[in-house]
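Colleague: Before I set up any calculations, I would like a close look at one charged side chain and at the pairings of this kind elsewhere in the model. Please take your time over the answer.

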Amino acid sequence: MKPFNLIFLMAALLFLHDGYCQSPGENAPNPYTVATFECAGLYWITPESGNCTVKYKKPSDAGWTQGLDLVYDSRDGQYRGSIVGLDPNTEYQVELTSGKAKTTMNFTTRDDQFPIGKTTYLPEGESTDPIIITESGTAEGYHLVTVPENTRSVLNMGNVGNEGIQIDADYVIVRGIEVRNAKTDGIRIKKDRHDIVIEQCFITFWGRIGGPITYGNLEGSTDSGINAENGTWNLTIQRNLIEDPRGASNDWETGHPAGPQGITIRESLGGNVIRYNDILSTEDHGFNDAIGGGANYSNVGNMNRDSDIYGNLIRSVWDDAIEVEGANMNVRVFGNYAHKFFNGIATASTTKGPIYIYRNVVGESRVGHRNPSGGAFIKTGEREPFAGGRRYILHNTIVQPMGVTHAFSGHSISNTVTRNNIFDVPGRLASNRETVDNSDYDYDYFSGLSSGVAKEENGIEISTTPSATRLYRTSYALEYYPRSRINSIIWGRKPYQFGDVKRNITDPVVQIRNPLIDGGIEIPGFNVDFKGNAPDVGAFEVGSRPLEFGRRAYLVHDEGWSSWER
């Protein structure tokens with residue numbers, strides 16, 4: 001089998017502007033920003049002087065929008081944090097204030113309409129030759145590798161080629177290609193490559209057997225639909241269908257899961273966006289992690305910094321639906337839906353932070369094929385020196401029945417802030433192993449038995465059991481708007497009248513206004529567009545457009561069809 005080589009050209013140009021694609025490193029101005037399409041990380045080295053407030057606006061706006069305060073890291077002498085909900089390719093002004101110190105800066109978010117310099121069309125029909133891309137584009141003109149219009153190109157590796165597509169170039173777009181039966185990875189991005197877009201591709205039947213390492217299965221773990229080697233940055237992976245690996249991960253009943261993954265990124269330099277992908281399988285061909293990488297306890301990890309994971313639809317994972325572990329410096333995970341997994345979002349160790357986890361929805365969780373007990377929504381864990389970064393957990397929804405057992409895992413935890421979450425779990429809210437007493441849990445709905453170290457002074461209480469409480473409106477889509485009224489138990493023996501008959505009833509069930517509606521607290525920059533008197537608790541706001549998940553999210557019916565599905 002001969003690889004289909006694309007002409008080699010080294011054109012690895014580093015393109016930096018006032019928003020920066022990647023950290024400018026030692027020569028960074030102070031302050032500076034690192035922007036993605038819809039978010040931006042802010043960095044300011046200055047002496048600590050209390051809260052550091054954030055205001056931002058477009059130059060044409062009359063008024064400012066208040067953002068969430070930046071977090072001070074004394075190890076770096078730096079305030080840092082994120083602003084979210086921005087528009088792509090748009091200029092913004094930012095004003096930061098800490099005590100008597102004040103600074104301003106401008107930045108422009110990244111443009112998600114990528115300019116095309118050269119287009120390479122793959123042969124029509126089915127091919128057994130892998131694609132090796134070695135010709136780089138530039139920031140002003142990407143190298144697009146795609147299929148001819150109104151045709152279909154299928155790369156069927158037949159278990160001979162290690163990967164269907166290998167990308168060893170920069171400023172490359174891979175679009176609309178179907179990859180099947182790769183020996184290890186569907187698409188592999190080589191070490192230190194950057195500014196790569198993989199979109200609207202169909203990747204299926206890849207990888208080796210996987211399975212429990214303790215049983216001697218030493219190959220196949222982390223074979224991935226898309227696999228990025230160390231040192232990559234500015235990767236955009238969007239609107240792909242990554243489905244049905246050939247192998248399978250074991251479940252927790254035979255040891256730590258090991259097997260195929262949907263997307264793997266290792267020790268990135270940051271600036272990555274993983275959005276609106278379908279990462280799906282069946283239970284007998286389940287993933288280890290849907291999105292993951294490593295190393296967990298480190299100053300880098302997988303996403304590392306200034307990266308976004310949002311809008312993804314994930315199903316059938318035996319370990320973590322989304323693994324974001326390591327530095328987690330201005331990493332944002334939001335608007336994802338996961339079903340059938342063990343842990344929802346893994347955050348060990350969050351060495352730097354802050355990481356923002358908001359408006360995610362998680363469904364069924366389970367330990368194994370025969371064990372329906374669930375894992376945790378947020379996996380924690382830290383050990384010196386890999387500890388101390390801030391975690392923000394905001395406006396998430398945990399769905400029952402058969403959801404996760406615990407809101408947070410039992411690992412050590414510190415520096416965690418929760419607000420406006422639906423923690424509908426039978427078990428524990430926070431861990432009992434807090435390494436530093438500096439967390440702040442409040443304004444959440446928690447239905448379980450133990451709060452751990454959490455003290456929810458303003459938590460929402462509903463006097464009934466989780467399994468008996470229908471918290472959400474019925475929907476055939478993945479929508480979990482709070483019901484206007486819900487059942488609640490009035491404990492004790494109460495007089496009750498049905499028509500002419502009077503009875504004393506023990507623990508009667510009555511209908512009450514759902515306390516989740518208008519039950520939250522305002523969070524600058526994260527719920528400014530709430531309806532009603534206050535924000536609703538959970539991921540969905542009554543009266544607002546529903547969240548959408550997966551590769552067809554926020555598209556009209558005739559938009560975005562790939563060549564392989566027409």
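Colleague: What is the relative accessible area of Arg 208?

Modeller: Arg 208 has a relative accessible area of 31%, which makes this residue partly exposed; the cut-offs are under 20% for buried and over 50% for exposed, with partly exposed in between, using a 1.4 Å probe and protein chains only. This is a predicted model, in which local features need pLDDT of at least 70 and side-chain atom pairs count only at pLDDT 80 or more, while totals for chains, interfaces and linings use all residues. Residues are numbered from 1 along each chain as its sequence is written, and side-chain values use heavy atoms, with hydrogens and water left out.

The partner of Arg 208 is Asp 223, and their side chains meet in a salt bridge at 2.8 Å, N to O, where the term requires a side-chain nitrogen of Lys or Arg within 4 Å of a carboxyl oxygen of Asp or Glu. Both residues lie in the loop between strand 19 (202-204) and strand 20 (224-228), 15 residues apart; strands here are DSSP runs of E with at least two residues, numbered from the N terminus. Unlike the partly exposed Arg 208, Asp 223 is buried, at 4% relative accessible area.

By the same rule the model has 32 salt bridges, and two further pairs help to place this one. Lys 55 and Glu 95 form a salt bridge at 3.3 Å, N to O; because Lys 55 belongs to strand 4 (residues 52-57) and Glu 95 to strand 7 (residues 91-98), this contact ties together parts that are 40 residues apart in sequence. Here Lys 55 is partly exposed at 26%, whereas Glu 95 is buried at 14%.

In the other pair, the closest N and O atoms of Glu 325 and Lys 379 are 3.3 Å apart, again a salt bridge. Glu 325 sits in the loop between strand 29 (320-323) and strand 30 (329-334), and Lys 379 in strand 35 (residues 376-379), so that distant parts of the chain, 54 residues apart, are linked. Glu 325 is buried at 1% relative accessibility, and Lys 379 is likewise buried, at 14%.

Beyond such pairs, Asp 73, Arg 75, Asp 76, Arg 80 and Lys 352 are linked in a network of salt bridges.

Key
Helices (H or I, at least four residues) and strands (E, at least two) are DSSP runs, numbered from the N terminus.
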